[in-house]
Amino acid sequence: MPENAATPPNEAQLLCDAAELQERGQARVFDLLLYGAPARGFALRFDGRVVGYVNRCVHLPTEMDWQEGHFLDMDKRWILCSIHGAAYEPADGHCVGGPCGRGRLTPIRTEESDGKVYWYPSRDIRPVAFDAPPSESAS
């Protein structure tokens with residue numbers, strides 16, 4: 001059976017060293033493709049586990065961090081959208097308050113292994129294919 005170009009690679013994508021994600025600290029933000037369009041994702045450590053989501057509010061499709069990587073409220077309890085104050089449960093991405101209704105952040109599967117954090121592409125969420133750097137032998 002020939003490989004389908006639309007089938008996403010399911011290989012783990014290295015995100016960062018696990019030590020970079022401190023408990024309820026700054027998130028790691030990264031580029032991705034959502035339905036083929038440029039978007040961003042983020043991963044943070046909450047209650048000892050790494051969680052990942054597309055950086056897009058359910059209320060309005062805009063990035064949520066008030067400064068890059070800063071998603072949690074002052075008490076470091078909720079993921080908070082900086083635009084209209086929608087609040088989400090970090091453990092599962094469900095809306096807990098504000099204009100996001102009964103919505104949920106789009107999850108990104110993450111895994112911590114051997115001191116590294118990885119994220120996994122899905123049918124709708126793909127890694128960005130960066131061009132290879134130019135060869136030094138090219139003249």
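A disulfide is counted here as a pair of cysteine sulfur atoms within 2.5 Å. The model is predicted.

**Exercise 1. Cysteines**

Which cysteines form a disulfide, and what is its handedness?

Solution.
- Step 1: The sulfur atoms of cysteine 95 and cysteine 100 lie 1.9 Å apart, and the two residues form a disulfide. The structure holds 1 disulfide.
- Step 2: The torsion about the S-S bond of cysteine 95 and cysteine 100 is about 75°, so this disulfide is right-handed.
- Step 3: Cysteine 57 has its closest cysteine sulfur in cysteine 81, at 3.8 Å, which is too far for a bond.
- Step 4: For burial, the cut-off is under 20% relative accessible area. Cysteine 95 and cysteine 100 are both buried. Cysteine 57 counts as buried because its relative accessibility is 5%, and cysteine 16, at 5%, counts as buried too.

**Exercise 2. Nonpolar cores**

Which members of the largest nonpolar core touch the most other members, and which strand gives the most to this core?

Solution.
- Step 1: The largest nonpolar core has 18 residues; Phe42, Leu44, Met64, Phe71, Ile79 and Tyr88 touch the most other members.
- Step 2: Strand S3 (37-46) and strand S4 (49-54) supply at least two residues each. S3 gives the most, with 3 residues.
- Step 3: Take methionine 64 as an example. Beyond its neighbours within four places in sequence, methionine 64 is in contact with residues including Phe42, Phe71, Ile79 and Tyr88. Its contacts also include Asn55, Arg56 and Ser82, as well as Cys57 and Cys81.
- Step 4: A second core, separate from this one, has 15 residues, among them Leu15, Ala39, Ile108 and Val117.

**Exercise 3. Aspartate 65**

Where is aspartate 65 placed, and what does its side chain contact through polar atoms?

Solution.
- Step 1: Aspartate 65 is in the loop between S4 and strand S5 (79-80).
- Step 2: Aspartate 65 is buried but has no salt bridge. A salt bridge would need a side-chain nitrogen of Lys or Arg within 4 Å of a carboxyl oxygen. The nearest side chain of opposite charge is that of arginine 40, 5.8 Å away.
- Step 3: Side chain to side chain, aspartate 65 makes a polar contact with asparagine 55 at 3.0 Å. The aspartate 65 side chain also reaches the backbone nitrogen of glycine 69, at 3.0 Å.
- Step 4: Leaving out residues up to four places away in sequence, aspartate 65 touches Val29, Asn55, His70, Phe71 and Ser82. Of these, Asn55 is the partner in the side-chain polar contact, and Phe71 belongs to the largest nonpolar core.

Key:
Residues numbered from 1 in each chain as written. Predicted model: local features only at pLDDT ≥ 70, side-chain atom pairs only at ≥ 80, totals over all residues. Heavy atoms only, no water. Core = buried A, V, L, I, M, F, W, Y, C linked by side-chain atoms within 4.5 Å. Buried < 20%, exposed > 50% of the residue type's maximum accessible area, 1.4 Å probe, protein only. Helix = DSSP H or I, 4+ residues; strand = E, 2+ residues; numbered from the N terminus. Contact = heavy atoms within 4.5 Å. Lys, Arg positive; Asp, Glu negative; His and termini not counted. Polar contact = N/O pair within 3.5 Å; in protein donor to acceptor, adjacent residues only side chain to side chain.
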